[in-house]
Protein chains: 2
Amino acid sequence: MSVTPEPGSPISELFKEAFGHHPAGVAIITADSEEGPVGLTASSVTSISASPAILGFSLAAQRGSAVHVAEAETFLVHLLDAENVQLARTFATHGAPRFDESMNWETLPTGEPLLTDVRRVLRCRPLTKAQAGPALVFTAEVLEATRHDLSGTPLVYHRRTFHSLGEGTYVI
Amino acid sequence: MSVTPEPGSPISELFKEAFGHHPAGVAIITADSEEGPVGLTASSVTSISASPAILGFSLAAQRGSAVHVAEAETFLVHLLDAENVQLARTFATHGAPRFDESMNWETLPTGEPLLTDVRRVLRCRPLTKAQAGPALVFTAEVLEATRHDLSGTPLVYHRRTFHSLGEGTYVI
């Protein structure tokens, strides 16, 4: 049942469908920039190495906030729980109001904007950047755990929908 | 509540705890090698770009199978469903029997070992490799969808446990 690229079903469409069905955790990456605080929702954040502490993610470099995050010397990776789903939606929506008075955030002494409703936040600096097609692939060294609270309900993104990994989830 | 590295609580431990709470999809990457078919379970596979179709993942390079996957000219990325959880465990367990008669697999004409119980499989070739601490970070071009079946129940890895994203999951 191999499916090869065809005019009506190019590999890009198959790829999008396949990864649309692949569950992922959700994060928001924020940074300071010359235009003020910026941030974006990312489902590509993964652990690369614990010792030294290194994480990875990719950015679609053409997006506004992504350009600023890509240029930042340090940034904050917020690992989201289900309680943060509205933040996930806001930072995934082009033009949605961010870092205004309705949002709980503060500027750290080191300059990065911290979303204070998020329980686990890692302050990072870029280690490597690689171009891959139109995207930028980052690895980043974790400098400190700005927040570290393991309570909260896991948040999963799957088929363009946010899911809460709650009591109804079947552990197998 | 910033948590900085301390002797009793180094950043590596905080990092492991934080990512232990970050849900992830599960994949198995297989390749042919001079020692025969090899494979490993990975929770780091992410979509990087749909057009061109590029995915990313990282390997702890010191592991046996990872060395062979890292050297392969092409490999198969199997995106697992909950129905594949036993495969996920087998390929995450050092020394567990693999590619024997009890496992449903076949060799593709292109040489890679295909796990035929997995619904979505992408055949790939490496695009970039970057060293990040002790790990290797890969990007790979997707050559074809070897299998493409969107049925199946999503599989999520969280806190060292496999979860099925079933009907009981709360959509938010």
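This report covers the chain interface, internal spaces, helix packing and backbone geometry of a predicted two-chain model.

## Basis

The model is predicted, so local features need pLDDT of at least 70 and side-chain atom pairs count only at pLDDT 80 or more, while totals for chains, interfaces and linings use all residues. Residues are numbered from 1 along each chain as its sequence is written, chains are lettered from A and ligands numbered from 1 in the order in which they are written, and side-chain values use heavy atoms, leaving out hydrogens and water.

## Interface

Contact (heavy atoms within 4.5 Å) links 72 residues of chain B with 72 residues of chain A. The buried area is about 6100 Å². This is the accessible area (1.4 Å probe) that two parts lose on being put together, summed over both. Carbon and sulfur atoms give 71% of it. On the chain B side, B:Phe15, B:His148 and B:Ile172 lose the most area to chain A, together 12% of what that side buries.

## Cavities

Rolling a probe the size of a water molecule over the atoms shows where empty space is left. On a 1 Å grid over the protein atoms alone, a cavity is a set of points where a 1.4 Å probe fits but cannot get out; lining residues have an atom within 4 Å of a point. Points are joined across faces, edges and corners, and a volume is the space filled by probe spheres set on them. Two cavities reach 30 Å³ or more.

The largest cavity holds about 110 Å³. Its lining has 16 residues, with A:Thr46, A:Val137, B:Thr46, B:Phe57 and B:Val137 nearest the centre. Eight lining residues are nonpolar, eight are polar and none is charged. Nonpolar here means Ala, Val, Leu, Ile, Met, Phe, Trp, Tyr, Cys and Pro; charged means Asp, Glu, Lys and Arg; the others, Gly among them, are polar. The second largest cavity holds about 60 Å³. Both chains line it, with residues including A:Lys129, A:Thr139, B:Lys129 and B:Thr139.

## Second largest pocket

A pocket is an open set of points with protein on both sides within 12 Å along at least five of seven lines. The second largest one has a volume of about 200 Å³. Among its 13 lining residues, A:Gly39, A:Ser65, A:His94, A:Gly95 and A:Arg98 are closest to the centre. In chain A, β3 (38–42) and α2 (64–71) each give two or more residues. Helices (H or I, at least four residues) and strands (E, at least two) are DSSP runs, numbered from the N terminus.

## Buried helix faces

Buried means under 20% relative accessible area, exposed over 50%, and partly exposed in between (1.4 Å probe, protein chains only). In α3 (85–92) of chain A, A:Val85, A:Leu87, A:Ala88, A:Thr90 and A:Phe91 are buried. Their cover includes β2 (27–31), β3 and β8 (113–115) of chain A.

In α2 (64–71) of chain B, the buried set is B:Ser65, B:Ala66, B:His68, B:Val69 and B:Ala70.

## Backbone and cysteines

Most residues other than glycine have a negative phi, and most peptide bonds are trans. A cis bond joins A:Ser51 and A:Pro52, and another joins B:Ser51 and B:Pro52. A:Arg159 has a positive phi, near 50 degrees, in the loop between β11 and β12 of chain A. B:Phe99 also has a positive phi, about 55 degrees. A:Arg159 is exposed at 52%, whereas B:Phe99 is buried at 11%.

The count of disulfides (cysteine sulfur atoms within 2.5 Å) is zero over all chains. A:Cys124 is buried at 0%, and B:Cys124 is buried at 0%.
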